[in-house]
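Welcome to this tour! Keep your viewer open and follow along, one selection at a time.

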Amino acid sequence: MVASVAAEAGVEAAAVAETVKNLQSMESTKNRLRNLRRPKKSEISSASSSDGEDGPNVRRSVITGKKIKMHIDKSADDLVRDKARKEMLKFMNQSL
C-alpha cells in the first residue's frame with residue numbers, strides 16, 4: 001500500500017516507509033508517556049502517610065507538609081500561672 005501511494009505522489013517508497021516508521025515510533029512514545037502519568041493526590045496521600053492514619057482535621061504546613069502541632073503539653077510553671085490567672089480573673093469579675 002505504501003508503495004502504491006508513493007508511486008502516485010512521485011516519492012520514493014523508502015522515504016515514505018521511513019516517515020511511517022517514525023510516526024509509529026512517535027505514537028508508541030506518546031502512549032508510554034501517557035502511561036507514566038503523575039499519581040493523583042489521593043494516591044500520593046494514601047501512599048505517604050507514614051505518620052499513621054490521620055483524620056481529615058489534621059493541620060499540615062503548606063510549605064513542608066509536616067503536621068502542625070496544635071497542643072503543647074504544659075509544664076508545672078504553666079499550670080501555676082494558669083491557676084493564678086483564673087483566680088485574678090475571678091476576683092476582677094466579682095469586683096464589677
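## The whole chain

Start with everything shown as a cartoon: the protein has four helices and zero strands. Trace the chain from its beginning and you will read the pattern α-α-α-α.

Keep in mind that this is a predicted model. Colour it by pLDDT, the predictor's confidence in each residue, on a scale from 0 to 100. The mean for the protein is 78, and 71% of its residues reach 70 or more. Where is confidence lowest, and where is it highest? Select helix α1 (residues 2-9) for the lowest mean, 59, and then α4 for the highest, 95.

Now switch on the surface. The protein exposes about 9500 Å², and carbon and sulfur atoms supply 58% of that area. Of its 96 residues, 1% count as buried.

## Helix α4

Next, select residues 76-95, which make up helix α4. How far apart are its end C-alpha atoms? They are 29 Å apart, and this agrees with the 28 Å that 20 residues should span at 1.5 Å a residue. Is this helix well covered or hardly covered? It is hardly covered, as the count of buried residues among its 20 residues is zero.

## Two salt bridges

Show the side chains now, and look for the two salt bridges that the structure holds.

For one of them, pick D78 and R81. Their side chains meet with N and O 2.9 Å apart. Both residues lie in helix α4, three residues apart, which is about one turn of the helix. D78 is partly exposed, because its relative accessible area is 24% and the partly exposed class runs between 20% and 50%. R81 has a relative accessible area of 52%, so it counts as exposed.

Then move to D82 and K74, which form a salt bridge whose closest N and O atoms are 2.5 Å apart. D82 is partly exposed, with a relative accessible area of 29%, while K74 is exposed, at 52%.

## A nonpolar patch

For the last stop, select M88, F91 and M92 and show their surface. These three residues form a nonpolar patch there, with about 350 Å² of accessible area together. Click on F91, which you will find in helix α4. Why does F91 count as exposed? Its relative accessibility is 57%, and exposed means over 50%.

Conventions:
Residues numbered from 1 in each chain as written. Predicted model: local features only at pLDDT ≥ 70, side-chain atom pairs only at ≥ 80, totals over all residues. Heavy atoms only, no water. Patch = residues over 30% accessible without salt bridge, like charges linked within 9 Å, V, L, I, M, F, W, Y side chains within 5 Å. Areas by Shrake-Rupley, 256 points an atom, 1.4 Å probe, with all protein chains shown as cover. Salt bridge = Lys/Arg side-chain N within 4 Å of Asp/Glu carboxyl O. Helix = DSSP H or I, 4+ residues; strand = E, 2+ residues; numbered from the N terminus. Buried < 20%, exposed > 50% of the residue type's maximum accessible area, 1.4 Å probe, protein only. Expected span 1.5 Å × (residues − 1).
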